[in-house]
Amino acid sequence: MASTREIRRRIRSAKNVSQITRAMEMVSASKMRRAQRNVLAARPYADRMLELMTDLAVRVQPSDRKGTLLDVPDAVKHVGLILITPDRGLAGSLVSNALRQMSRFILDQRAMGRNVALFALGKKGRDFISRSGLRLIAEVTNISDKPTLEDILGIGSNVLQAAQRGVDYNRSGSIDEGEQLDEVYVLYSEFVNTLVQRATVKRLIPVELPEATTVKPVDFTYEPSAEEVLDSLLPHYVEVQLYNALLESIASEHSARMVAMRNATGNAKDLVRDLTLSYNKARQTAITNEVSEIATGAMALEG
Amino acid sequence: MPMQLEIITAERVVLTDEVDQVNAPTRAGRVGILPHHAPLLTVLDFGELDIYKNGEITPFAVTGGFMEVLNNRVTILADTAERSDEIDLARAEAARKRAEERMQSAASEQDMVLAEAELRRAMIRLRVAEIGRGRRIRD
């Protein structure tokens, strides 16, 4: 039986832990609300952009799609994966789910004889990639909780370059000359609801457009030209999708952390209850022992 | 008869309003959009975007994007859009200095191009901030 002092010490530390996790839960809750608002605020832009492109793509002949981001390559040899993870841990199974999904993705792609080049957004993913000796092309870390589109333009242009003209060889020379990414995917944490986040892989390149069911009978003037407008819209759309994936991952991160911290607070409370019970038992035992010792002593004297 | 205007950036909806005229910087030069303009889709450049409403001009600093005109509705998808009185002069000035320093010390051509773009952005923001809001239209 542990000494009462030992138990008291453990009760105190469990209480401290529960206070910290409770505070973290509340911080995450407020950050989550803000992050969710950001996700919603960013939606109109992506929606309008998709509308514009759907209209436009109908006007651009399939033969003119060659070489653009709409071009679906005949054979896929090299694929890129952008891994979005939080910078910080203590978010329950969020990070491990993402990493497991990534491992599965890489194995699947390799089984099809494809090479995978990785891009990391966020520390947790980057650390895992470098620990496991996978090929990391570029990374961005220390992303703020309210990122702007500009924050991802760096990695966005990196990826776009890799998809159009081969990877930027200045970096570590880890990729062969002329290696062009035929497809690019993003792995992010889809925000389903506060309790559920899903590690999701989405294709960014080639850009997938919804089938235009009806061609609007509008005769647009395109300046400078339909092809040029589409050419500037496409890379932009890829960046916007990446940005939205990042926003959603941030909302997921905070809600996962909030839930994890709520569980931790509950566990710490349970622990305090159990320990208090043991403490009282130990205290009672000690008192009982003492009383019976005195009683035995008294009886011996009387005898 | 005014027209509907919407300015949207990747982060948020910046403005929804009824306006009389829009002057926008496009890749092919500045264009003015009046109500009932023909359908148009164009690529925006860095520059000053002027919104005319009730005889007043409100300038915005934009750094590229797209503009669609359809059914008496103007939709501007801007990379960034800041109204002149939202621009923080001190920050814009600091950004200009930083860009100039980066141009001085640019090692590669790519650095140079980036620094130049940054400088142009900062200059536009400064200029738009100086013009200020509520300027009357000259007759």
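## Interface between chains A and B

In this predicted model, 21 residues of chain B are in contact with 22 residues of chain A. On the chain B side, the elements giving two or more residues are β1 (3–9), β5 (40–53), β6 (56–70) and β7 (73–78). The largest share comes from β5(B), with four residues. By class, the residues of chain B that touch chain A divide into twelve nonpolar, five charged and four polar.

β5(B) also pairs across the interface. Its partner is strand β6 of chain A, residues 221–223. Three bridges join the two strands, and they run parallel. Within this pairing, A:Glu223 stands opposite B:Thr42. So what does β5(B) bring to the interface? It supplies the largest share of the chain B side, four residues, and it is joined by bridges to β6 of chain A.

## Domains of chain A

The domain assignment splits chain A in two. Domain 1 has two segments, 4–15 and 261–296. Domain 2 covers 21–257. Their C-alpha centres lie 52 Å apart.

Five residues of domain 1 of chain A and six residues of domain 2 of chain A make up the contact. On the domain 1 side, the residues that touch domain 2 are three nonpolar, one polar and one charged.

## Domains of chain B

Chain B is also assigned a domain 1, 3–84, and a domain 2, 88–130. Taken over C-alpha atoms, 24 Å separate the centres of these two domains of chain B.

Here nine residues of domain 1 of chain B are in contact with seven residues of domain 2 of chain B. On the domain 1 side, β5 and β6 of chain B are the elements that give two or more residues. β6(B) provides the largest share, four residues. The domain 1 residues that touch domain 2 divide into four nonpolar, three polar and two charged.

Two strands of chain B thus come up at both contacts. β5 and β6 of chain B each give two or more residues to the side that touches chain A. β5 and β6 of chain B each give two or more residues to the side of domain 1 that touches domain 2 of chain B.

## Confidence in chain A

The mean pLDDT of chain A is 86. A value of 70 or more is reached by 91% of its residues. Where does the pLDDT fall below 50? It does so over residues 167–177 of chain A. This stretch has 15 contacts in the model beyond near neighbours in sequence.

Technical notes
Residues numbered from 1 in each chain as written. Chains lettered and ligands numbered in written order. Predicted model: local features only at pLDDT ≥ 70, side-chain atom pairs only at ≥ 80, totals over all residues. Contact = placed C-beta atoms within 7 Å. Nonpolar A, V, L, I, M, F, W, Y, C, P; charged D, E, K, R; others polar. Pairing = 2+ DSSP bridges. Domains from an automatic or database assignment. pLDDT = per-residue confidence, 0-100.
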